[in-house]
Amino acid sequence: QEEADRALMLRYLATFPDTILTRDNLMAHIPASAWVVTPTRDKVLMVYHNIYNSLATAAVCLECGLGGEDIKRGLEAFGGAGRRFEKLGEYNGFTLVDDYAHHPTEIKATANAIKNKIHNESWVIFQPHTYSRTKLLLDEFADAISNFDNIILLDIYAAREQNTYNISSKDLANKITSLGKKVSYIPNFDEVIKHIKTNVKENDIIITLGAGTVTELGPLLLK
């Protein structure tokens, strides 16, 4: 998706001569929508965060004195950020993606990115990050995670914390269930792999989500 969005963003920038490619023109698009509208009024669909990142970066470059051609060359050369909707590979017909999102807003952006891709069903393997954040944003996490078709929860990644908050992934699972979504709490990596390989179908998308050790799960799924 990021590669396709980059190509579309370059097409968008190419429609503006340097005389009207200004910070204000670019910033005007940022709060708008997922549609980038070119001067010829044709619409280019992109993922929200790629629009925002590309336009905001271009606006900063213009403010610092760089020209349109410099911005276009930089965008062409950009290889993408690791663990930001990073495609790890395919296995038995499903696609595996890894993403660092560990806040409800980021998770919703990732879920929306999946909706823009042709696929059968989406699977998320989510590892909540820190007890304090999970406790504070329990409702928001449940709402964000519910945007996926199939949900697997790992144990909370403690990072620097001790569990003085009396919170666990089971609490998040219960909250998601109360929203009418089915969720599986599977804390063991081996059991997750077994569950995925038993239940995932062709053209499904699986995403490992979180800022902790969940990123180690992707390579194991591809074996």
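**Close-up legends for the predicted model**

**View 1. K175 is partly exposed, with 29% of its relative accessible area left open.** This is a predicted model. The partner to look for is D139, whose side chain meets that of K175 in a salt bridge with 3.2 Å from N to O. The two residues come from distant parts of the chain: D139 belongs to helix α7 and K175 to helix α8 (residues 169–178), with their positions 36 residues apart. How exposed is D139? With a relative accessible area of 48%, D139 is partly exposed. The cut-off for exposed is over 50%, so a value of 48% still falls in the partly exposed class.

**View 2. D143 and K108 form a salt bridge, at 2.7 Å from N to O.** Here too the pair links distant parts of the chain, since D143 is in helix α7 (residues 138–145) and K108 is in helix α5 (residues 104–115), 35 residues apart. D143 has 38% relative accessibility, so it counts as partly exposed. K108 lands in the partly exposed class as well, at 35%. For the tally, the model has six salt bridges.

**View 3. Strands β3 and β4 make a hairpin with two residues between the strands.** The strands, β3 (residues 86–91) and β4 (residues 94–99), run antiparallel and are joined by five bridges. At one spot along the ladder, E86 faces D98 of β4. What is special about the backbone of N92 in this hairpin? N92 takes a positive phi near 50°. K87 and E90 also meet here, in a salt bridge whose closest N and O atoms are 3.1 Å apart. Are K87 and E90 buried or exposed? Both are exposed.

**View 4. Two aromatic pairs turn up in the structure.** In one of them, the ring centres of Y91 and F94 are 5.8 Å apart and the planes sit at 50°, so the pair is tilted. Y91 is partly exposed, at 23% relative accessibility, whereas F94 is buried, at 3%. In the other, F126 and F141 have ring centres 5.8 Å apart and planes at 35°, so this pair counts as tilted too. F126 sits in strand β5 and F141 in helix α7, so the rings tie together parts that are 15 residues apart in sequence. How buried are these two rings? F126 has a relative accessible area of 0%, so it is buried, and F141 is buried at 1%.

**View 5. The largest nonpolar core holds 28 residues, and I107, F126, F148 and L209 touch the most other members.** At least two core residues come from each of α5, β5 (122–126), α7, β6 (150–153), α8 and β8 (205–209). Which element gives the largest share? Helix α7 does, with five residues. Setting aside neighbours within four places in sequence, I107 is in contact with A101, F126, F141, A144, I145, F148 and L209. Apart from this core lies another of 15 residues, including I152, I206, V214 and L217. In soluble globular proteins, nonpolar side chains tend to be buried together.

**View 6. I196 sits in helix α9 (residues 189–199).** Is I196 buried or exposed? I196 is buried, with 0% relative accessibility. Which residues does I196 touch, if those up to four places away in sequence are not counted? The list is F94, W123, I125, I152, I206 and L221. From I196 to L221 is 25 residues in sequence and 8.3 Å in space, C-alpha to C-alpha.

**View 7. Zooming out, the protein chain has ten helices and eight strands.** Of its 223 residues, 43% count as buried. How much of the contact map comes from residues 24 or more positions apart? They account for 76% of the contacts with a separation of 6 or more. The accessible surface comes to about 11,500 Å², and carbon and sulfur atoms own 51% of it.

Technical notes. Residues are numbered from 1 along each chain as its sequence is written. This is a predicted model: local features need pLDDT of at least 70, side-chain atom pairs count only at pLDDT 80 or more; totals for chains, interfaces and linings use all residues. Side-chain values use heavy atoms; hydrogens and water are left out. A salt bridge is a side-chain nitrogen of Lys or Arg within 4 Å of a carboxyl oxygen of Asp or Glu. Buried means under 20% relative accessible area, exposed over 50%, partly exposed in between (1.4 Å probe, protein chains only). Helices (H or I, at least four residues) and strands (E, at least two) are DSSP runs, numbered from the N terminus. Two strands pair if DSSP finds at least two bridges between them. A nonpolar core is a set of buried Ala, Val, Leu, Ile, Met, Phe, Trp, Tyr and Cys residues joined through side-chain atoms within 4.5 Å. Contact means heavy atoms within 4.5 Å. Accessible areas come from the Shrake-Rupley method with a 1.4 Å probe; for residues, only the protein chains shown count as cover. Rings of Phe, Tyr and Trp (its six-membered ring) pair if their centres lie within 6.5 Å; planes under 30 degrees apart count as stacked, over 60 as edge-to-face and the rest as tilted.
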